[in-house]
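Colleague: I have a model here and some questions about how it is put together. Can you walk me through it?

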Amino acid sequence: YPGALPVAKGLSDRLNAKLIASEVSRLVYDCNRPPSAPDAMPHQSEAIKVPGNVGLTAAQRQDRVDKFYEPFRTTLAEAVSATSSPVIVTVHSFTPTYFGQKRAVEIGVLHDSDTRLADAMLGTAAAHTSALVMRNQPYGPDNGVTHTLREHALPHSYLNVMLEVRNDLIQTEAAQSDVADMLATWLKAALVQIGDPKCAV
């Protein structure tokens, strides 16, 4: 099935890195959003309403925070603190068409205020792919998508990056494996360029 998790698992295997993944759909709770964000539990996804999220009470929202966000946040924080020289890489996927508009970007390399790893990856990507790779596309920090980086990487100056893969590129297991190979190659080359610290995904 298309999605970021098989790619993240493949990347984790190739880099011998820790993998922390949410076990619930982002429509129930998007763990890359803080509890205060309206789209942490979106009542609408693109043009489609999410009935289970319409009219949630404050108590119901807090229940999801307690069940889904806090365990994810705590587990990730513990994994990061237990890793020497961690590098935080978040992996996501996006649709080829959004509100009727086709997206040309195939892979997005996203960052917040710390651009080190994104810069290095963008510098090495051209040597390893013909895909259209863009900085802070199809989303960027102004869209609120870098919460995990802000929460777990920026306060400690850990190297970090967010990767977005267009989901028509990862429809099959073979395609997911190919993309994981490609991203692992970029990351390794970028980390060598920066200084080759250990990875935590």
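Colleague: In what order do the four strands of the open sheet run?
Modeller: Bear in mind that this is a predicted model. Four strands make up the open sheet, and their pairing is mixed. Their order is β3-β8-β6-β7.

Colleague: Which strands stand at the edges?
Modeller: An edge strand has a single partner, so one of its sides has no neighbour in the sheet. Two strands fit that description: β3 (87-94) and β7 (133-135).

Colleague: By how many degrees are neighbouring strands turned against each other on average?
Modeller: Direction is ignored for this value. The average turn between neighbours in this sheet is 20 degrees.

Colleague: In which sense do β3 and β8 pair, parallel or antiparallel?
Modeller: Strand β8 covers residues 159-166, and eight bridges link it with β3. His92 stands opposite Glu164 of β8. The sense of the β3 and β8 pairing is parallel.

Colleague: Which helix packs on the sheet?
Modeller: Look for residues 116-125. This helix touches β3, β6 (107-110), β7 and β8. Its direction makes about 50 degrees with that of β8. The helix is α3.

Colleague: Which element gives the most to the largest nonpolar core?
Modeller: That core has 30 residues, and Met121 and Trp186 touch the most other members. At least two residues each come from α1 (4-15), β3, β6, α3, β8 and α5 (173-194). With eight residues, the top contributor is α5.

Colleague: Beyond four places in sequence, what is Trp186 in contact with?
Modeller: Set its close sequence neighbours aside. The contacts of Trp186 are then Ile107, Val109, Met121, Thr124, Ala125, His128, Thr129 and Val133.

Colleague: How many residues does the other core hold?
Modeller: This core lies apart from the largest one. Its members include Tyr29, Ala37, Tyr69 and Leu76. The count is 17 residues.

Colleague: Why do α1 and α5 count as oblique to each other?
Modeller: Their axes come within 8 Å. Roughly parallel needs an angle under 35 degrees, and roughly perpendicular runs from 65 to 115. The α1 and α5 axes cross at roughly 50 degrees. The pair is therefore oblique.

Colleague: What is the handedness of the α1 and α5 crossing?
Modeller: On the α1 side, the contact includes Pro6, Val7 and Leu11. On the α5 side, Val179, Leu183 and Leu187 are among the residues involved. The crossing of α1 and α5 is right-handed.

Colleague: Is Thr75 buried, partly exposed or exposed?
Modeller: Thr75 sits in helix α2 (residues 58-81). Its relative accessible area is 38%. Buried would need under 20%, and exposed over 50%. Thr75 is therefore partly exposed.

Terms used
Residues are numbered from 1 along each chain as its sequence is written. This is a predicted model: local features need pLDDT of at least 70, side-chain atom pairs count only at pLDDT 80 or more; totals for chains, interfaces and linings use all residues. Side-chain values use heavy atoms; hydrogens and water are left out. Buried means under 20% relative accessible area, exposed over 50%, partly exposed in between (1.4 Å probe, protein chains only). Two strands pair if DSSP finds at least two bridges between them. Axes are lines fitted to C-alpha atoms, for helices over the stretch in contact, and angles run from 0 to 180 degrees between N-to-C directions. Contact means heavy atoms within 4.5 Å. A nonpolar core is a set of buried Ala, Val, Leu, Ile, Met, Phe, Trp, Tyr and Cys residues joined through side-chain atoms within 4.5 Å. Angles under 35 degrees count as roughly parallel, over 145 as roughly antiparallel, 65 to 115 as roughly perpendicular and the rest as oblique. A crossing is left-handed if the near helix is turned anticlockwise from the far one by less than a right angle, and right-handed if clockwise.
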